[in-house]
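Dear colleague,

I am passing on the structure we spoke about, and it is shown just below. After it I have set out what was found, so that you can follow along with the model open.

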Amino acid sequence: MADWREIFENTSRLLNKEILKFLTGGMVRATRRSTELVRFSVTVGASLAQMTTFRIGGVAGLFVEPLDQKSLESFIQFLREIGSPWRLLGGGSNLLVANRFFPEPIISLRRCASFIEVMSETDDVVVIRVGGGVKTRTLLNYCVRRGLSGCEFLAGIPATLGGAVFMNAGTSDGTMQDIVDSVTVIDRDKGMLKLRQGQGADFHPLYRSSGIANGSVVYDARLKLRKNSPEKIRGKICSIMKRRLATQPIGMPSAGCVFKNPSSDLPAGLLIDHCGLKGFRIGGAEISRKHANWIINTGGASYNDVVTLMALIKDRVYEQFTVKLEEEVQCWD
Ligand SMILES: Cc1cc2nc3c(=O)[nH]c(=O)nc-3n(C[C@H](O)[C@H](O)[C@H](O)COP(=O)(O)OP(=O)(O)OC[C@H]3O[C@@H](n4cnc5c(N)ncnc54)[C@H](O)[C@@H]3O)c2cc1C
């Protein structure tokens with residue numbers, strides 16, 4: 001086990017002094033053209049295990065929550081200028097994080113992009129703008145209240161809007177690309193950009209991938225939804241949740257499906273099940289007995305337990321079916 005107290009004591013030595021100065025002493029950022037007030041909430045030494053649904057992970061040296069859009073943009077620009085890497089954390093529901101110290105800033109949008117607003121409305125269609133830090137549960141509650149249909153497939157997916165767009169999250173009931181009209185992105189190199197979907201568009205989502213570069217920030221998205229009765233929308237959400245509870249180990253620490261389905265008629269779970277691996281365990285990580293494509297943390301599972309189990313699954317499935325499984329879960333090693 002890592003000695004976290006020692007790691008905490010060494011935290012300030014391990015962190016980038018320039019970044020600390022920007023976030024603390026340098027709250028007022030002077031550029032050649034202007035001086036601007038930038039505001040952040042900063043946690044030094046935040047537990048990543050507590051911020052991920054797998055409940056696995058080490059320590060974020062700097063967990064940074066910009067308090068508004070300007071501060072987020074300014075921070076990204078600063079990190080770009082000094083050549084520092086960074087990472088984005090949404091709901092932590094598709095992440096397997098190593099049990100180590102992460103010196104690079106981990107950025108969350110939950111404070112600066114937590115808005116939902118109506119952009120336009122016709123007799124049957126409503127376009128809403130949703131901040132990247134909004135939780136799917138909050139979005140679904142809003143949609144039920146306002147009688148907006150289209151997001152129901154997100155029931156049981158514990159993501160943020162930003163993470164859901166980035167991963168093009170979805171199920172057989174629908175995916176983000178079905179409802180996204182456009183996305184505002186802070187691009188690593190080009191700054192703020194609006195990506196549109198449709199003909200001649202620059203937003204080309206694929207299966208479980210938005211095509212947006214790693215490190216680019218999904219700041220918000222416009223979603224095109226249809227008016228419907230709150231009762232019908234609530235009913236659909238309830239039936240999706242009922243199905244999930246019957247077939248998936250909901251409530252256990254996990255990251256949902258670990259591998260992508262090789263094709264729509266060849267689910268990864270079926271292949272793993274046919275290898276007889278349900279219930280197989282390494283350390284605290286276990287292949288769910290309810291759904292073979294889910295690995296659950298039965299308590300105290302480490303990053304290495306899960307990674308070793310994933311490698312074993314890939315080997316067995318390849319030996320038996322000559323199919324190469326591809327990870328859906330993202331690993332921060
Ligand atoms: C119980 C459970 C059920 C699930 N069911 C499904 C399902 O049915 N379908 C499905 O597709 N997935 C499912 N998942 C996986 C997961 O919820 C999705 O992949 C989701 O899109 C991840 O969103 P997040 O906000 O949690 O992102 P995170 O896990 O925090 O991050 C995932 C990736 O997105 C990046 N990211 C996060 N926020 C942003 C942002 N604002 N801008 C740019 N990049 C960002 C991160 O850097 C990381 O690379 C499930 C997970 C769990 C735990």
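How many residues are in the hairpin connection that joins S9 to S10? The hairpin passes from S9 to S10 through 3 residues; please keep in mind throughout that this is a predicted model.

Strand S9 covers residues 116–121 and runs antiparallel to S10, with 5 bridges joining the two, and one of the pairings places Glu-121 with Val-126 of S10 as its bridge partner. S10 also pairs with S16, again in the antiparallel sense, over 7 bridges, and here Val-125 stands opposite Arg-226 of S16. Strand S10 itself comprises residues 125–131, and because 7 of its 7 residues are buried, the strand is largely enclosed by the rest of the structure. Val-125, Val-127, Arg-129 and Gly-131 point one way from S10, while Val-126, Ile-128 and Val-130 point the other way, and the residues of both sets are all buried.

Turning to the ligand, 34 residues surround it, and the closest of these are Leu-88, Ser-93, Thr-160, Arg-244 and Gln-330. Ser-93 has a side-chain N or O atom 2.6 Å from an oxygen atom of the ligand, while Gly-90 and Gly-91 approach through the backbone: an N or O atom of Gly-90 lies 2.7 Å from a ligand oxygen, and for Gly-91 the corresponding distance is 2.8 Å. Of the 970 Å² of accessible area that the ligand has on its own, the protein covers 94%. Strand S5 (87–89), helix H6 (161–167), strand S12 (170–171) and strand S16 (217–227) are the elements that give two or more residues to the shell around the ligand, and H6 gives the most, with 5 residues. By character, the shell divides into 15 nonpolar, 16 polar and 3 charged residues.

Finally, a word on the cysteines, since you may wish to look at them in the model. The structure holds 0 disulfides. For Cys-238, the closest cysteine sulfur is that of Cys-143, which at 15 Å is too far for a bond. Cys-275 is likewise in no disulfide, with the nearest cysteine sulfur, in Cys-257, 16 Å away. As for their surroundings, Cys-238 is partly exposed, with a relative accessible area of 48%, whereas Cys-275 has a relative accessible area of 13% and is therefore buried, the cut-off being under 20%.

With best wishes

Methods: Residues are numbered from 1 along each chain as its sequence is written. This is a predicted model: local features need pLDDT of at least 70, side-chain atom pairs count only at pLDDT 80 or more; totals for chains, interfaces and linings use all residues. Side-chain values use heavy atoms; hydrogens and water are left out. A residue is near a molecule or strand if one of its heavy atoms lies within 4 Å of it. A polar contact is a pair of N or O atoms within 3.5 Å; within protein, one must be able to donate a hydrogen and the other to accept it, and residues adjacent in sequence count only if both atoms are side-chain atoms. Accessible areas come from the Shrake-Rupley method with a 1.4 Å probe; for residues, only the protein chains shown count as cover. Helices (H or I, at least four residues) and strands (E, at least two) are DSSP runs, numbered from the N terminus. Ala, Val, Leu, Ile, Met, Phe, Trp, Tyr, Cys and Pro count as nonpolar, Asp, Glu, Lys and Arg as charged, and the others, Gly among them, as polar. Buried means under 20% relative accessible area, exposed over 50%, partly exposed in between (1.4 Å probe, protein chains only). Two strands pair if DSSP finds at least two bridges between them. A disulfide is a pair of cysteine sulfur atoms within 2.5 Å.
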